[in-house]
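Here is a short briefing to read alongside the model. Have the sequence and the 3D view open as you go.

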Amino acid sequence: MKKVLFLLLLSCFVFALPCEAKKKPKGEVAIELTPSTSSSTSYTDSIITVDIRPDWSGSFFKVNIHNNTQGRIYVEWENARIDGNKVLFSDDRPITMNQKKEDEVIMAGDMIYGKEITSKGKYYDSLGLLPLYKEKEMKKNGREYSYTIILPIRLADGTTHDYKFNARIFYKIIEPAE
């Protein structure tokens, strides 16, 4: 019995060695914003510079906003939208997620760094927070995800600018398979 088991294991190794594993292409999750002026993940004008990227978990967008004006600006988070739904922050809990979001002040030349937001439409009581994208699906069948993000920015004089971004999340091949 031991000899049969030994021969069976040995034959598995002998026949498996000549087989070459199929090399998978290496890639990464990428995002492309429109409108875009300087790169695929950021937008710049005379008022703000916005940089939006997906975070490592796939559940949030990381948002950086830089004030390019000489006065203060306010980000109206209560009126911000992702695909028509209100935004949730990474530190929101079910008990606090329906409370009013306060405006965030950015002084002249200052910035908000790494604010994590997602769509309230991605939250379900029984499931918790659903991801913005599924990396396995993007790798397997090339699926892309797209979101419309609206960031209302109020200037010190009271005028409000609604910045609308279309974010396309996709899997970008870095090194093709050989």
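Let's start at D55, which sits in the loop between β3 (48-54) and β4 (61-67). Helices (H or I, at least four residues) and strands (E, at least two) are DSSP runs, numbered from the N terminus. This is a predicted model, in which local features need pLDDT of at least 70 and side-chain atom pairs count only at pLDDT 80 or more, while totals for chains, interfaces and linings use all residues. Residues are numbered from 1 along each chain as its sequence is written, and side-chain values use heavy atoms, with hydrogens and water left out.

**Around D55**
- D55 is buried (under 20% relative accessible area; exposed is over 50%, and partly exposed lies in between, with a 1.4 Å probe and protein chains only).
- D55 has no salt bridge (a side-chain nitrogen of Lys or Arg within 4 Å of a carboxyl oxygen of Asp or Glu).
- The nearest side chain of opposite charge to D55 is K62, 6.3 Å away; Lys and Arg count as positive and Asp and Glu as negative, with His and the chain ends not counted.
- The D55 side chain makes a polar contact of 2.9 Å with the side chain of S57, and the D55 side chain also reaches the backbone nitrogen of G58 at 3.1 Å.
- A polar contact is a pair of N or O atoms within 3.5 Å; within protein, one must be able to donate a hydrogen and the other to accept it, and residues adjacent in sequence count only if both atoms are side-chain atoms.
- Setting aside neighbours within four places in sequence, D55 is in contact (heavy atoms within 4.5 Å) with F60, K62, E116 and Y133.

**Around E76**
- E76 lies in the loop between β5 and β6 (81-82).
- E76 counts as buried because its relative accessible area is 10%.
- The side chains of E76 and R154 are joined by a polar contact of 3.0 Å.
- Not counting residues up to four places away in sequence, E76 touches D103, P152, R154 and T160.

**I173 on its strand**
- I173 belongs to strand β13 (residues 160-175).
- With a relative accessible area of 45%, I173 is partly exposed.
- The C-alpha atoms of I173 and K26 are separated by 6.0 Å, although these residues are 147 residues apart along the chain.

**The whole protein**
- The protein has two helices and 13 strands.
- Of its 178 residues, 34% count as buried.
- Among contacts between residues at least 6 apart in sequence, 63% join residues at least 24 apart.
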